Amino acid sequence: MMRTFTITTRDGSIWMPSYLTSIDSKTCIGCCRCFKVCSRDVMHLHGVDDAGEILGPCDDEDDDFDGKLNRMIMVVDDAGRCIGCGACGRVCPKNCQTHVAADGLAT
């Protein structure tokens with residue numbers, strides 16, 4: 001069975017999904033713009049300590065991880081939910097996301 005990675009849109013043009021695979025923790029500023037435009041719950045805000053270690057998801061605004069919180073970043077924690085629309089990449093002010101075209105992902 002042959003897999004097709006392109007989609008024909010309503011106007012007949014060809015489109016290929018490009019899936020979010022990662023967010024660079026060194027350049028992400030945790031602005032949440034990508035989270036706000038994502039309708040699929042692909043990424044969430046996580047806390048990071050002084051050493052750059054991810055502490056875990058930030059469940060509420062008061063979570064400071066016992067004083068270890070240095071900053072917050074977005075983390076792709078459910079990549080399988082991504083539909084490849086690219087909205088998150090278009091709003092990211094730091095261009096810290098990696099997207100891979102559907103035909104470039106291992107099946």
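User: So two strands pair if DSSP finds at least two bridges between them. Over how many bridges do S4 and S5 pair, then?

Analyst: Strand S4, which covers residues 43-48, pairs with S5 over 3 bridges, in the antiparallel sense. That passes the cut-off, because pairing takes at least two bridges. Keep in mind that this is a predicted model.

User: Got it. Which residues stand opposite each other there?

Analyst: Among them, His 46 stands opposite Pro 57 in S5. Val 48 has Ile 54 of S5 opposite.

User: And what joins the two strands?

Analyst: S4 and S5 make a hairpin, with 5 residues between them. Gly 52 sits in that turn and has a positive phi of about 90 degrees.

User: What sheet does that hairpin belong to?

Analyst: S4 and S5 are part of an open sheet of 3 strands, in the order S5-S4-S6, and the pairing is antiparallel. The edge strands are S5 (54-57) and S6 (71-76), each of which pairs on one side only. Ignoring direction, neighbouring strands in this sheet are turned by 40 degrees against each other on average.

User: What actually holds strands together in a sheet?

Analyst: Strands pair through backbone hydrogen bonds, and the pairing can be parallel or antiparallel.

User: Let's zoom out. How many helices and strands does the protein chain have?

Analyst: The protein chain has 2 helices and 7 strands. Going along the sequence, you get β-β-β-α-β-β-β-α-β.

User: What does the C-alpha trace span, and what share of the residues is buried?

Analyst: Along its principal axes, the C-alpha trace spans about 55 × 25 × 20 Å. The protein chain has 107 residues, and 28% of them are buried.

User: You pointed out the phi of Gly 52. Which residues other than glycine have a positive phi?

Analyst: Asp 41 is one of them, with phi near 60 degrees. Asp 66 is another, with a positive phi of about 55 degrees.

User: Where are those two?

Analyst: Asp 41 lies in the loop between helix H1 (33-37) and S4. Asp 66 is in the loop between S5 and S6.

User: Why does Asp 66 count as exposed, and Asp 41 as partly exposed?

Analyst: Asp 66 counts as exposed because its relative accessibility is 77%, and the cut-off for exposed is over 50%. Asp 41 comes out at 39%, so it counts as partly exposed.

User: New topic: how many disulfides are there in the whole structure?

Analyst: The search finds 0 disulfides. Take Cys 58: the nearest cysteine sulfur belongs to Cys 32 and is 8.9 Å away. Cys 82 is in no disulfide either, as its nearest cysteine sulfur, that of Cys 88, is 6.2 Å away. A disulfide needs the two sulfur atoms within 2.5 Å, so neither distance qualifies.

User: Are Cys 58 and Cys 82 buried or exposed?

Analyst: Cys 58 is buried, at 17% relative accessibility. Cys 82 is buried too, with a relative accessible area of 16%. Both count that way because buried means under 20%.

User: Last thing, cavities. How many of 30 Å³ or more are there?

Analyst: The count is 1 cavity of 30 Å³ or more. The largest cavity has a volume of about 80 Å³. There are 14 residues lining the largest cavity, and Cys 28, Cys 31, Cys 34, Cys 92 and Cys 96 are the closest to its centre.

User: How does that lining divide into nonpolar, polar and charged?

Analyst: The lining has 10 nonpolar, 2 polar and 2 charged residues. Cysteine counts as nonpolar here, so those five cysteines belong to the nonpolar group.

Terms used:
Residues numbered from 1 in each chain as written. Predicted model: local features only at pLDDT ≥ 70, side-chain atom pairs only at ≥ 80, totals over all residues. Heavy atoms only, no water. 1 Å grid on protein atoms, 1.4 Å probe; cavity = no way out; pocket = protein on both sides within 12 Å on 5 of 7 lines; lining within 4 Å. Points joined across faces, edges and corners; volume = space filled by probe spheres on them. Helix = DSSP H or I, 4+ residues; strand = E, 2+ residues; numbered from the N terminus. Axes fitted to C-alpha atoms, helices over the stretch in contact; angles between N-to-C directions. Buried < 20%, exposed > 50% of the residue type's maximum accessible area, 1.4 Å probe, protein only.
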